[in-house]
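Q: Please take a close look at a single part of this chain and explain it slowly, for someone in the first year of study.

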Amino acid sequence: MKTAGLRTSFDAMMNSLANVQRRRMLVALLEHNPQDDVLAVLVDSESESDAVERLVSMHHIHLPKLANHGFIDWDKDSHKVTKGPKFDEIRPLLELLDDHEDDSADWL
């Protein structure tokens with residue numbers, strides 16, 4: 001459930017960043033808004049079955065979670081993802097991750 005007007009808790013932000021697929025999506029939105037091709041950001045796996053599994057989890061778990069927090073707006077029909085009304089709340093954490101991407105391959 002979206003909470004309009006209320007700031008997102010730090011715990012909710014960290015929970016949103018707890019999964020690499022969600023981190024990649026949010027960091028991609030730092031520079032590219034809207035993100036028309038969800039697959040282009042997420043599918044860097046070795047096999048097609050991994051790509052399908054990632055896409056399914058994005059549509060059923062990760063994108064709804066990020067949309068629920070207001071970090072993204074997600075048009076399910078066109079598959080377009082854009083920055084949500086609360087994106088700027090999580091921006092500093094995303095910039096920190098992006099700035100230190102070379103320090104740890106596990107972050108992004």
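A: The answer below starts with the whole chain and then turns to its last helix and the parts around that helix.

This is a predicted model, in which local features need pLDDT of at least 70 and side-chain atom pairs count only at pLDDT 80 or more, while totals for chains, interfaces and linings use all residues. Residues are numbered from 1 along each chain as its sequence is written, and side-chain values use heavy atoms, with hydrogens and water left out.

The chain has five helices and two strands. Here helices (H or I, at least four residues) and strands (E, at least two) are DSSP runs, numbered from the N terminus. Read from the N terminus, the order of the elements is α-α-α-α-β-β-α. Of the 108 residues in the chain, 39% are buried; buried means under 20% relative accessible area, exposed means over 50%, and partly exposed is in between (1.4 Å probe, protein chains only). The accessible surface of the chain is about 6,500 Å², and carbon and sulfur atoms account for 51% of that surface. Such areas come from the Shrake-Rupley method with a 1.4 Å probe, and for residues only the protein chains shown count as cover.

The part to look at closely is helix α5, residues 87-99. The expected span of a helix is 1.5 Å times one less than its number of residues. For the 13 residues of α5 this gives 18 Å, and the end C-alpha atoms are 17 Å apart, which agrees. Even so, α5 has a kink of about 30° centred on leucine 93. The bend at a residue is the angle between axes fitted to the seven residues ending there and the seven starting there.

Which residues of α5 are buried? They are Phe87, Glu89, Ile90, Leu93, Leu94 and Leu97. These buried residues pack against α1, α2 (20-31) and β2.

The helix also holds salt bridges, each being a side-chain nitrogen of Lys or Arg within 4 Å of a carboxyl oxygen of Asp or Glu. By this rule the count is two. In one of them, arginine 91 meets aspartate 88 at 3.0 Å, N to O. These two residues are three apart in α5, about one turn of the helix. Arginine 91 also forms a salt bridge with glutamate 95, where the closest N and O atoms are 3.8 Å apart. Arginine 91 and glutamate 95 are four residues apart in α5, again about one turn of the helix. Shared partners join Asp88, Arg91 and Glu95 into one network of salt bridges. Arginine 91 is partly exposed because its relative accessibility is 22%. Aspartate 88, at 55%, counts as exposed, and glutamate 95, at 35%, is partly exposed.

One residue of α5 also takes part in a contact with the start of the chain. Threonine 8 is in the segment before α1 (10-16). Leaving aside neighbours within four places in sequence, threonine 8 is in contact (heavy atoms within 4.5 Å) with Met13, His69, Phe71, Lys86 and Glu89. Threonine 8 is at 11% relative accessibility and so counts as buried. Across the chain, among contacts between residues at least 6 apart in sequence, 58% join residues at least 24 apart.

Strand β2, against which α5 packs, has a partner. Strands β1 (residues 72-75) and β2 (residues 80-83) pair in the antiparallel sense over four bridges; two strands pair if DSSP finds at least two bridges between them. Tryptophan 74 stands opposite valine 81 in β2, and aspartate 73 stands opposite threonine 82. In a regular strand the side chains alternate between the two faces of the sheet. In β1, Ile72 and Trp74 make up the covered face, while Asp73 and Asp75 make up the uncovered one.

The two strands form a hairpin with four residues between them. Histidine 79 is in the loop between β1 and β2. Most residues other than glycine have a negative phi. Histidine 79 is not a glycine, yet its phi is positive, at about 65°. With a relative accessibility of 40%, histidine 79 counts as partly exposed.
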